[in-house]
Amino acid sequence: MIDRLYGGGELSREEYAYLIRNRGDDSARYLFSLAAKARERYYGNKIYIRGLIEFTNYCKNDCFYCGIRRSNKNADRYRLEVSEILDCCKEGFELGFRTFVLQGGEDGYFNDERLCRIVREIKRLCPGCAVTLSVGEKSRGSYQAYFDAGADRYLLRHETADVRHYEKLHPKELSAENRLRCLHDLKEIGYQVGTGFMVGSPYQTADELAMDMMFIKAFQPHMVGIGPFVPHHDTPFGNEKAGTLELTLFMLGLVRLTLPAALLPATTALGTIDPEGREKGVLAGANVVMPNLSPPSVRKKYQLYDNKICTGCESAQSVDDLRKRMSRIGYDVVVDRGDAVSISKN
Ligand code: SAH
């Protein structure tokens, strides 16, 4: 089955579930070797970096897994000034970043006008860079406004492709249906779209993961963000088990073979559960790393989950260290927008 996937063939939902359920060291090793080849075909040994700016942790939503949910009264809330956001970008530009990812909770303070102004300013101050937004569910009109202001990409994880599972992870005012509506709007507008899911979230089995793979295959996103679920102590899932490194890596490999040209980050959550999580992610098929460019004073406050790494080699200022770590395993961190290959000139 892994060979069939590598050869461009399709797997059924049952076959994905079978592979996931019956995985072991040998199948994982084989999967990763083919995933590396598939990525090399499209991206060589290049690793793209994105400067992540977590610009607000105010959120009107109440997702059961997330540490910045509105019911978490212990969250120390902050929002960056527009000028602070722009300073982060300027600093990042000097460091070689050519993509900035603005991520935050769904914070009404950042209305369309404000967000559009930020996007326009970043594009003006950092010529040739790409701007990625990750600010949740909005109306089509809002997405269009950000796009017209110059936003290039949008990250919105579908979280789980199983509607009943979605309902177990979210309060009832949030629906899988609206999440999908957003994803389709984003694609139609012309964004490079990233979606994705958590690995090991409560109630998830191999069947849900197989549905995620089928969704990704059908939706054909340009990017796929996957990372382990990690509990946050002040959420309803505070006592649940975290997703494992091993399963997350396996899923990364499967995504790489399913969408060989996708941009796949080795996520912060992966780096959080293992000190070499990001290197391992790259070796399993990832080709993007997103160091944190937020001001050090707020990094600890953007606590989606416990023990999130936010200092040392995780931070953007240590991009040289990241470069060394990647070169040690045979990869080059490049100064590039890093568009999805199906989109760029060639
Ligand atoms: N408000 C934005 C950004 C959300 S945070 C949005 O709705 O898209 C980005 C991602 O972090 C989420 O999509 C979710 O998949 C992930 N996340 C949230 N809580 C998490 C947790 N406890 N463990 C692991 N990942 C988590």
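# Briefing: cores, ligand shell and selected residues

Gln220 is partly exposed, with a relative accessible area of 40% (buried means under 20%, exposed over 50% and partly exposed in between, using a 1.4 Å probe and protein chains only). The model is predicted, so local features need pLDDT of at least 70 and side-chain atom pairs pLDDT 80 or more, while totals for chains, interfaces and linings use all residues. Residues are numbered from 1 along each chain as its sequence is written, and side-chain values use heavy atoms, without hydrogens or water.

**Nonpolar cores**

- The largest nonpolar core has 96 residues, and Phe100, Met251 and Leu254 touch the most other members (a core joins buried Ala, Val, Leu, Ile, Met, Phe, Trp, Tyr and Cys through side-chain atoms within 4.5 Å).
- Helix H10, residues 245–258, supplies the largest share of this core, with 9 residues (helices, H or I of at least four residues, and strands, E of at least two, are DSSP runs numbered from the N terminus).
- A second core, separate from this one, has 12 residues, including Tyr43, Leu155, Met290 and Val341.
- Beyond the residues up to four places away in sequence, Leu254 touches Leu5, Tyr16, Leu19, Ile20, Leu31 and Met213 (contact means heavy atoms within 4.5 Å).
- As background, nonpolar side chains tend to be buried together in soluble globular proteins.

**Around the ligand**

- The ligand has 16 residues around it, and those that come nearest are Tyr65, Gly104, Arg157, Glu159 and Val230 (a heavy atom within 4 Å makes a residue near).
- Two side chains face oxygen atoms of the ligand: an N or O atom of Glu159 is 2.5 Å from a ligand oxygen, and an N or O atom of Arg179 is 3.4 Å from a ligand oxygen.
- From the backbone, a polar atom of Val230 is 2.7 Å from a nitrogen atom of the ligand.
- On its own the ligand has 550 Å² of accessible area, and the protein covers 92% of that (Shrake-Rupley method, 1.4 Å probe).
- Glu159 sits in the loop between strand S5 (153–155) and helix H7 (163–169). Glu159 counts as buried at 9% relative accessibility, and its phi is near 75°, a positive value in a residue other than glycine.

**Charged residues that are buried**

- Lys308 is placed in the loop between helix H13 (296–299) and helix H14 (319–328), and Lys308 is buried at a relative accessible area of 8%.
- The side chain of Lys308 has a polar contact of 3.0 Å with the side chain of Glu54 (a pair of N or O atoms within 3.5 Å; within protein, one must be able to donate a hydrogen and the other to accept it, and sequence-adjacent residues count only if both atoms are side-chain atoms).
- Apart from residues up to four places away in sequence, Lys308 touches Glu54, Thr268, Thr272, Asn292, Arg299 and Tyr302.
- Arg325 belongs to helix H14 and is buried, with a relative accessible area of 17%. The side chains of Arg325 and Glu279 make a polar contact of 2.7 Å.

**Loop residues to look up in the model**

- Gln220 lies in the loop between helix H9 (206–219) and strand S7 (223–228). Like Glu159, Gln220 has a positive phi in a residue other than glycine, here near 55°.
- Leu263 is in the loop between H10 and helix H11 (268–273), and its relative accessible area of 1% makes Leu263 buried.
- With neighbours within four places in sequence left aside, the contacts of Leu263 include Tyr43, Tyr48, Arg50, His222, Met223 and Val224. Asn287, Val288, Gly338, Asp339 and Ala340 are also among them.
- Glu240 is in the loop between S7 and H10 and counts as partly exposed at 34% relative accessibility. Outside its neighbours within four places in sequence, Glu240 is in contact with Pro202, Phe229 and Pro231.
- Arg23 is in the loop between helix H2 (13–21) and helix H3 (25–43), and Arg23 counts as partly exposed at 26% relative accessibility.
- Arg23 and Phe250 are 227 residues apart along the chain, and their C-alpha atoms are separated by 8.2 Å.
- Residues up to four places away in sequence aside, Arg23 touches Glu246, Leu247 and Phe250, and the side chains of Arg23 and Glu246 are joined by a polar contact of 2.7 Å.
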